Amino acid sequence: MTASKTEDTGPGGAVTAYWCELAWLPPGEIAEGVLVTVAEGRFSDIVRDVPAPPPGAERLAGLTLPGLANAHSHAFHRALRGHTHDCAAEPGEATFWTWREQMYGVAGRLDPDSYLALARATYAEMALAGITSVAEFHYLHHGPDGMSYADPNAMGHALVQAAMEAGLRISLLDTCYLSGGVGVPLTGVQRRFGDGDAERWAIRAEALAAAYKGEPAVEVGAAIHSVRAVAPEQMRLVVAFSDHHAVPLHAHVSEQRAENAACVEMYSASPVQVLHEHGALGPRSTAVHATHLSDVDIALLGQSSTHICMCPTTERDLADGIGQARALFEAGAPITLGTDSNAVIDLFEEARAVEFGERLATERRCHWTAAELLTAATSTGHASLGFPDGGTLCPGAWADLVSVRLDSVRTAGADPARAVETVVFAATAADVHSVVSGGRRVVSEGRHVLGDVGAMLSEAIGQVR
């Protein structure tokens with residue numbers, strides 16, 4: 001591809017033009033020959049039926065999509081990939097809980113500098129996969145001994161810097177994490193996750209929010225790690241922070257049956273019911289996983305329009321189970337997608353896994369259309385991150401363009417009219433060849449502007465391990 005031409009238009013700033021061979025446009029249709037212009041990081045105009053690239057416009061081959069939104073990430077988990085799958089070490093006994101101990105080992109070795117390097121490389125990998133916004137569920141706050149750094153938000157600042165350098169917008173979900181289980185104090189490396197109580201968490205979170213006030217590419221949201229980690233009486237300040245700043249509020253919910261059992265034993269209610277009773281559900285909220293739910297739980301989540309973030313790759317990897325995505329969606333809960341532990345970074349894989357999980361559970365095909373799954377990965381995902389003006393190709397939206405090859409060994413033979421089906425059910429992150437994020441070109445011909453992302457990952461992970 002040739003370099004795009006930037007034209008000086010005076011006070012309005014620079015305008016860059018792209019001609020898309022095929023583009024997925026609202027309300028979910030494929031158009032041929034779409035000319036897109038960008039000004040100051042946003043789409044200024046989108047014109048259909050342009051038969052050929054006009055002078056100065058860069059040609060984007062294949063199918064061009066809006067940017068993808070990763071609605072749940074733990075960046076430091078990327079260092080675990082390939083290191084937690086030795087089944088011979090724990091024959092018949094490997095569970096989420098044994099995996100968690102290995103995760104704590106990595107968590108105990110990070111500092112702001114090494115976290116910056118690891119997160120920057122991880123976010124660059126996300127950009128290569130077409131992700132332009134990420135929700136980082138951030139609880140790695142303090143030093144390994146639980147003591148604060150000179151700047152109590154040093155680790156959070158590292159994540160924001162990493163995202164900016166990699167070309168992603170970030171919803172930094174500052175996570176309240178106060179106990180190691182229902183009624184169990186933090187011990188060992190868990191101490192670096194906690195602030196003591198929700199009041200001290202709120203003080204630190206307010207300082208973090210103030211640091212990025214007015215920065216359009218950064219949203220400082222909040223998270224309740226889980227009912228295991230935050231007692232009900234402590235939740236109110238986290239909810240108040242979200243309400244006061246009108247920012248996202250996320251929480252891990254019912255990922256494991258053991259979590260549900262402990263919650264019912266302590267509070268005589270499910271995790272969803274506890275969150276509902278303390279005001280933590282609603283349109284700005286996201287329940288991550290929501291794997292093991294009752295009919296009452298599904299009704300509460302749906303009636304409150306709480307988003308549900310499905311992370312099928314991680315849920316399979318950790319043997320969590322298969323969530324009831326379609327039932328939740330039909331009850332009124334919008335579905336989003338996340339990479340969670342980053343065992344795989346590929347939202348096309350996460351999208352089709354939602355459908356394939358339903359097939360395995362029901363022994364029936366066709367629960368989700370490709371367009372519904374792609375909407376979960378784009379506009380709905382961006383809305384759950386606090387970027388409602390992202391994930392769609394329309395004037396005024398964030399200028400994110402993700403172009404996917406339709407001539408790779410995975411996608412060759414695609415019918416242009418069904419290109420969305422081909423991408424969702426056959427393409428992988430490796431088929432993304434071009435990414436524009438907020439008007440900034442971050443991926444060209446499958447290569448990130450920062451250079452060799454594989455080498456970056458190897459070095460950063462080597463430092464941690």
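A salt bridge, as I will use the term today, is a side-chain nitrogen of Lys or Arg within 4 Å of a carboxyl oxygen of Asp or Glu. With that in hand, let me turn to the contact between the two domains of this protein chain, keeping in mind that what we have is a predicted model.

The domain assignment gives domain 1 as 16-66 together with 392-448, and domain 2 as 68-385. The C-alpha centres of domain 1 and domain 2 lie 29 Å apart, and the contact takes 27 residues from domain 1 and 29 residues from domain 2. Between them the two domains bury about 2200 Å², with 68% of that area on carbon and sulfur atoms.

How many salt bridges are there between domain 1 and domain 2? The count is one. As for a salt bridge in this model, arginine 169 forms one with aspartate 400, where the closest N and O atoms are 2.5 Å apart, and that distance falls under the 4 Å cut-off I began with. Polar contacts between the domains come to nine residue pairs, counting pairs in which both residues are at pLDDT 80 or more.

Now to the side of domain 1 that touches domain 2, where the elements giving two or more residues are strand E14 (401-404), helix H14 (419-426), strand E15 (432-437), strand E16 (440-444) and strand E17 (447-448). Of these, H14 gives the most, with six residues. Sorted by class, this side of domain 1 has 18 nonpolar, five polar and four charged residues.

How values were computed:
Residues are numbered from 1 along each chain as its sequence is written. This is a predicted model: local features need pLDDT of at least 70, side-chain atom pairs count only at pLDDT 80 or more; totals for chains, interfaces and linings use all residues. Side-chain values use heavy atoms; hydrogens and water are left out. Domain bounds come from an automatic or database domain assignment. Contact means heavy atoms within 4.5 Å. Buried area is the accessible area (1.4 Å probe) that two parts lose on being put together, summed over both. A polar contact is a pair of N or O atoms within 3.5 Å; within protein, one must be able to donate a hydrogen and the other to accept it, and residues adjacent in sequence count only if both atoms are side-chain atoms. Helices (H or I, at least four residues) and strands (E, at least two) are DSSP runs, numbered from the N terminus. Ala, Val, Leu, Ile, Met, Phe, Trp, Tyr, Cys and Pro count as nonpolar, Asp, Glu, Lys and Arg as charged, and the others, Gly among them, as polar.
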